[in-house]
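Biologist: Please take one close look at the aromatic side chains in this model. Then set that part against the rest of the chain.

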Amino acid sequence: MTRIRIGVCTILVSLLPLQGCATLGEIARTLTNLKRLQFRLEGIVDSSLAGISLAGKSEVGDFSISDGINLLAAFRSKRLPARFLLKVGARNPNDGSGGSTRTTSTLTRFDWRLLIDDRPTISGGIDRPLEIPGTGQSTTIPLRVELDLYEFFGNRGYDDLLDLALALGGKNGDVSRVALDARPSVSTPLGEIAYPEPITIVSREFR
């Protein structure tokens, strides 16, 4: 966050003749809150592969015969569309404890790129601004993801692709195989301020 703080300090100096001390103090507190906003992947739900729900399935044998026929046909056509909802937790720890000011941060943009098994795939964003209250609790950002697994992992073969889909969105789904490279933007009294560089969001910890 050093680059944000240096750039904003320059702006603050230029605004000194125009702004009162109270306003500058509000801006400084807002920028501190921006530094503290944290994210973590919390889970994958509502998953499907080629239009077939993965809910409750943990292995290839859990698919019906007709589902298996449809999945194989999709693979042979070199298309295996997957859909799921990726839940991203956002935490604003400015809850008023420890002498801090309780503040709500507004996430105005959240440009992201999805990585599966460390491989970059599709990109996206959020549809509307989202308030992250300063309660210390996690607020969920739901990201609807649609991608063609064959496009990115077709060289793995049919069985491996089914295993991958089940590992992500099946009964025992493992969100640790997913990461997001994201560049959040937050509303401040100076306008929208974006993180200077993308952050990598994982499931192990808030970052």
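Modeller: The answer below starts with the chain as a whole, goes on to the aromatic rings, and ends with a cavity and two backbone angles.

The model is predicted, so local features are reported only at pLDDT of at least 70 and side-chain atom pairs only at pLDDT 80 or more, while totals for chains, interfaces and linings use all residues. Residues are numbered from 1 along each chain as its sequence is written, and side-chain values use heavy atoms, with hydrogens and water left out.

The protein chain has 5 helices and 10 strands; these are DSSP runs numbered from the N terminus, with helices (H or I) of at least four residues and strands (E) of at least two. Of its 207 residues, 42% count as buried, where buried is under 20% relative accessible area, exposed is over 50% and partly exposed lies in between (1.4 Å probe, protein chains only). The chain exposes about 10,900 Å², with 47% supplied by carbon and sulfur atoms; these areas come from the Shrake-Rupley method with a 1.4 Å probe, and for residues only the protein chains shown count as cover. Taking contacts (heavy atoms within 4.5 Å) between residues at least 6 apart in sequence, 72% join residues at least 24 apart.

Now the rings. Rings of Phe, Tyr and Trp (its six-membered ring) pair if their centres lie within 6.5 Å; planes under 30 degrees apart are stacked, over 60 edge-to-face, and the rest tilted. By this rule there are 3 aromatic pairs. F75 and Y150 have ring centres 5.4 Å apart and planes at 70°, so their pair is edge-to-face. Because F75 lies in helix α3 (residues 65-76) and Y150 in helix α4 (residues 149-153), this pair ties together parts 75 residues apart in sequence. F75 itself is buried, at a relative accessible area of 16%. F75 also pairs edge-to-face with Y158, at 5.4 Å centre to centre and 65° between the planes. That second pair links helix α3 to helix α5 (residues 158-169), 83 residues apart. Y158 is buried as well, with a relative accessible area of 19%. F75, Y150 and Y158 form one aromatic cluster.

Elsewhere, charges sit over rings, the rule being NZ of Lys or CZ of Arg within 6 Å of the ring centre and within 35 degrees of the ring normal. R91 lies over the face of F206 at 4.1 Å from the ring centre, and R119 over that of F153 at 5.8 Å.

Helix α5 also helps to line a cavity. On a 1 Å grid over the protein atoms alone, a cavity is a set of points where a 1.4 Å probe fits but cannot get out, and lining residues have an atom within 4 Å of a point. Points are joined across faces, edges and corners, and a volume is the space filled by probe spheres set on them. There is 1 cavity of 30 Å³ or more, and the largest cavity has a volume of about 70 Å³. It has 14 lining residues, with L54, A82, F84, A165 and L168 closest to its centre. β1 (38-49), β3 (81-91) and α5 each supply at least two lining residues, and β1 gives the most, with 4.

Most residues other than glycine have a negative phi. A50, in the loop between β1 and β2 (52-53), has a positive phi near 50° and is partly exposed at 26% relative accessible area.

Conventions. 1 Å grid on protein atoms, 1.4 Å probe; cavity = no way out; pocket = protein on both sides within 12 Å on 5 of 7 lines; lining within 4 Å.
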